[in-house]
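Let's take a walk through a protein together. Have a look at the picture first, and then we'll go through it piece by piece.

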Amino acid sequence: MSTSCHCNLLRLATRKVSARYDAALAPLGINIAQYSLLRKIARHQPMSLTALGKLTELDRSTIGRNVRVIERMGLVATGRGEDDQREAMVELTPAGEALLAQAIPLWEDCQAQLEASVGAARLDALAQLVAAI
């Protein structure tokens, strides 16, 4: 039997698509994972790392490591929650807001290029596939 592993096929697709977005965002010094975090933080800030982990479907330790990277870049600031001092909170810095403003058009161009090369119908089918999983 010679069928492709569904998992490996999806991982390959993810690597190829991520590489396109990473290349588009490279002039700004960020990758698609960092861009995605910045967008989520911008939409919900200030937010706890726990809430950010739930939103991204990443565990708390992974989200903490990823946030530390963009914090060292000066794009986000972390602090303690007002209601619960035990909870770490994150929000964009002015530098993070400025970088995100520059990144959005690059991301939008990459989105349009991907749609042009793959086709809207296929991307819709992909979205349906992911929702079914």
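The protein chain has 6 helices and 3 strands. Keep in mind that what you're looking at is a predicted model. If you trace the chain along its sequence, the elements come in the pattern α-α-β-α-α-β-β-α-α. Fit a box around the C-alpha atoms along the principal axes, and you get roughly 55 × 35 × 20 Å.

Now for the inside and the outside. Of the 133 residues in the protein chain, 26% are buried. The accessible surface comes to about 8,800 Å², and carbon and sulfur atoms account for 55% of that. You can also ask how far along the sequence the contacts reach: among contacts between residues at least 6 apart in sequence, 54% join residues at least 24 apart.

Let's find the sheet. The 3 strands form an open sheet, lined up in the order β1-β3-β2, with antiparallel pairing. β1 (47-48) and β2 (76-80) stand at the edges with a single partner strand each, so each has one side without a neighbour in the sheet. Between β2 and β3 (residues 88-92), which run antiparallel, there are 5 bridges. If you'd like a spot to zoom in on, Thr-78 stands opposite Val-90 in β3. Helix α4 (residues 60-72) packs on this sheet and touches both β2 and β3. The direction of α4 makes about 125° with that of β2.

Next, two places where the backbone deserves a look. Which peptide bond is cis? That's the one from Gln-45 to Pro-46, with omega near -15°. You'll find Pro-46 in the loop between α2 (32-44) and β1. The other place is Glu-57, in the loop between α3 (49-56) and α4. Phi of Glu-57 is near 60°, which is a positive value in a residue other than glycine. Is Glu-57 buried or exposed? Glu-57 has a relative accessible area of 73%, and the cut-off for exposed is over 50%, so Glu-57 counts as exposed.

Now turn to the surface and look for a nonpolar patch. Leu-10, Leu-126, Leu-129, Val-130 and Ile-133 form this patch, and together they have about 470 Å² of accessible area. Which helix gives the most to the patch? Helix α6 (residues 120-132) does, with 3 residues. Leu-10, on the other hand, lies in helix α1 (residues 6-25). With a relative accessible area of 38%, Leu-10 is partly exposed.

Let's stay with these two helices a little longer. Ala-131 is found in helix α6, and its relative accessibility of 65% makes Ala-131 exposed. Ala-131 and His-6 are 125 residues apart in sequence, while their C-alpha atoms are 16 Å apart in space. In helix α1 you'll also find Arg-11, which is partly exposed at a relative accessible area of 49%. Arg-11 and Ala-98 are 87 residues apart in sequence, and from C-alpha to C-alpha the separation is 32 Å. Try picking out both pairs in the picture.

Technical notes: Residues numbered from 1 in each chain as written. Predicted model: local features only at pLDDT ≥ 70, side-chain atom pairs only at ≥ 80, totals over all residues. Heavy atoms only, no water. Pairing = 2+ DSSP bridges. Helix = DSSP H or I, 4+ residues; strand = E, 2+ residues; numbered from the N terminus. Contact = heavy atoms within 4.5 Å. Axes fitted to C-alpha atoms, helices over the stretch in contact; angles between N-to-C directions. Patch = residues over 30% accessible without salt bridge, like charges linked within 9 Å, V, L, I, M, F, W, Y side chains within 5 Å. Areas by Shrake-Rupley, 256 points an atom, 1.4 Å probe, with all protein chains shown as cover. Salt bridge = Lys/Arg side-chain N within 4 Å of Asp/Glu carboxyl O. Buried < 20%, exposed > 50% of the residue type's maximum accessible area, 1.4 Å probe, protein only.
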